[in-house]
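Biologist: I am new to reading protein models, and I would like to learn with a real case in front of us. Please show me one, and let me ask as we go.

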Amino acid sequence: MDSSQVTERARMSAVDKQILIFSVYRDAELRGARLLFNLIGHMKDGDSQLKMAKHLADETRHAWLWTRRIADLGGTPLMLADGYQRRLGLRIGVPKTVVELLALTVVVEERAQSRYMAHAALPNVDDETREVLKAVTEDETWHLSWIEKKMREIARADGVEAKADEAIDRYRSIEREVYATLAADEVELMRT
Ligand SMILES: [Fe+2]
Ligand SMILES: [Fe+2]
């Protein structure tokens with residue numbers, strides 16, 4: 001979100017707010033898919049390829065589901081120049097190893113899962129949105145579980161378990177700060 005979008009907050013209707021939130025979700029899904037594209041060539045065993053391909057298909061489908069919700073509301077997805085992964089990327093830098101890439105994926109998946117669960121717990125969520133939230137949350141739970149397991153497996157085999165823990169801790173604490181700035185901007189945008 002940039003400042004020009006913030007200045008438009010006074011004109012925001014309930015539908016506009018939904019379009020904004022779904023655009024934030026869509027942006028995170030698309031950039032999450034890009035992170036997986038970076039990973040898929042690095043993990044060549046059959047099990048990883050099978051799971052990565054399914055995982056990637058899920059993330060692009062999630063982006064599609066949010067895009068369709070936006071279209072159903074008569075809207076167009078907002079292009080977020082300063083979205084979640086971009087802010088995160090600027091703070092974290094480029095992960096240098098497969099274990100670091102997996103650790104970053106774990107942290108991003110944790111946020112996706114908790115964010116969707118928090119949204120589903122809100123009152124007055126319409127049926128269509130609830131259905132999408134349910135579908136994506138189920139997938140995120142599986143994503144988190146297999147990626148974390150794979151990260152630990154590779155770290156153990158390479159003798160870098162401590163480095164994996166360090167990466168997760170560092171990414172989690174940066175992610176919390178980045179998410180807080182994003183959440184604050186969203187609250188600001190939602191205030192009408
Ligand atoms: Fe997703
Ligand atoms: Fe995911």
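Biologist: Which residues of α3 are buried?

Modeller: Some ground rules will help us start. Residues are numbered from 1 along each chain as its sequence is written, while chains are lettered from A and ligands numbered from 1 in the order in which they are written. This is a predicted model, in which local features need pLDDT of at least 70 and side-chain atom pairs count only at pLDDT 80 or more, while totals for chains, interfaces and linings use all residues. Helices are DSSP runs (H or I, at least four residues), as are strands (E, at least two), and they are numbered from the N terminus. A residue is buried if 20 or more other C-beta atoms lie within 10 Å of its own, exposed if 12 or fewer, and partly exposed in between, with C-beta atoms placed from the backbone. In α3, the buried residues are Met52, His55, Asp58, Glu59, His62, Ala63, Leu65, Trp66, Arg69 and Ile70.

Biologist: What covers the buried residues of α3?

Modeller: The cover includes α2 and α6, the latter running over 127-158. 

Biologist: How does the span of α3 compare with what its 27 residues should give?

Modeller: The expected span of a helix is 1.5 Å times one less than its number of residues. For α3 that comes to 39 Å, and its end C-alpha atoms are 39 Å apart, which agrees. Just after α3, look for Gly74, whose phi is positive at about 85 degrees.

Biologist: How do I describe two helices that pack together?

Modeller: Two packed helices are described by the angle between their axes and the distance between the axes. Axes are lines fitted to C-alpha atoms, for helices over the stretch in contact, and angles run from 0 to 180 degrees between N-to-C directions. Try helix α2 (residues 14-40) with helix α3 (residues 46-72): their axes come within 9 Å and cross at roughly 160 degrees.

Biologist: Are α2 and α3 roughly parallel or roughly antiparallel?

Modeller: Angles under 35 degrees count as roughly parallel, over 145 as roughly antiparallel, 65 to 115 as roughly perpendicular and the rest as oblique. The pair α2 and α3 is therefore roughly antiparallel. There is a handedness too: a crossing is left-handed if the near helix is turned anticlockwise from the far one by less than a right angle, and right-handed if clockwise. The crossing of α2 and α3 is left-handed. Among the residues that make this contact are Phe22, Leu36 and Ile40 of α2, along with Met52, Leu56 and Trp66 of α3. (Two residues are in contact if their C-beta atoms, placed from the backbone, lie within 7 Å.)

Biologist: How many residues of the contact of α2 with α3 are nonpolar, polar and charged?

Modeller: Ala, Val, Leu, Ile, Met, Phe, Trp, Tyr, Cys and Pro count as nonpolar, Asp, Glu, Lys and Arg as charged, and the others, Gly among them, as polar. Here there are 13 nonpolar, six polar and four charged.

Biologist: Ile40 was in that contact. Which residues does Ile40 touch, not counting residues up to four places away in sequence?

Modeller: Those are Met52 and Leu56. Ile40 counts as partly exposed, because it has 14 C-beta neighbours inside 10 Å.

Biologist: At what angle do α2 and helix α5 pack?

Modeller: Helix α5 (residues 98-120) packs with α2 at about 160 degrees, with the axes 11 Å apart. These two are therefore roughly antiparallel, and their crossing is left-handed. In this contact Ala28, Gly32, Leu35, Asn38 and Leu39 of α2 meet Leu101, Leu104, Thr105, Val108 and Ala112 of α5. By class, the contact has seven nonpolar, three polar and no charged residues.

Biologist: Is Thr105 buried or exposed?

Modeller: Thr105 is buried, because 24 other C-beta atoms lie within 10 Å. Leaving out residues up to four places away in sequence, Thr105 touches Leu35 and Ile147.

Biologist: How far apart are the axes of α5 and α6?

Modeller: They are 8 Å apart, at an angle of about 155 degrees. That makes α5 and α6 roughly antiparallel, with a left-handed crossing. Their contact has 16 nonpolar, six polar and six charged residues.

Biologist: Where does Asn124 lie?

Modeller: Asn124 is in the loop between α5 and α6. Its phi is positive, near 60 degrees, in a residue other than glycine. Asn124 is exposed, because 6 other C-beta atoms lie within 10 Å.
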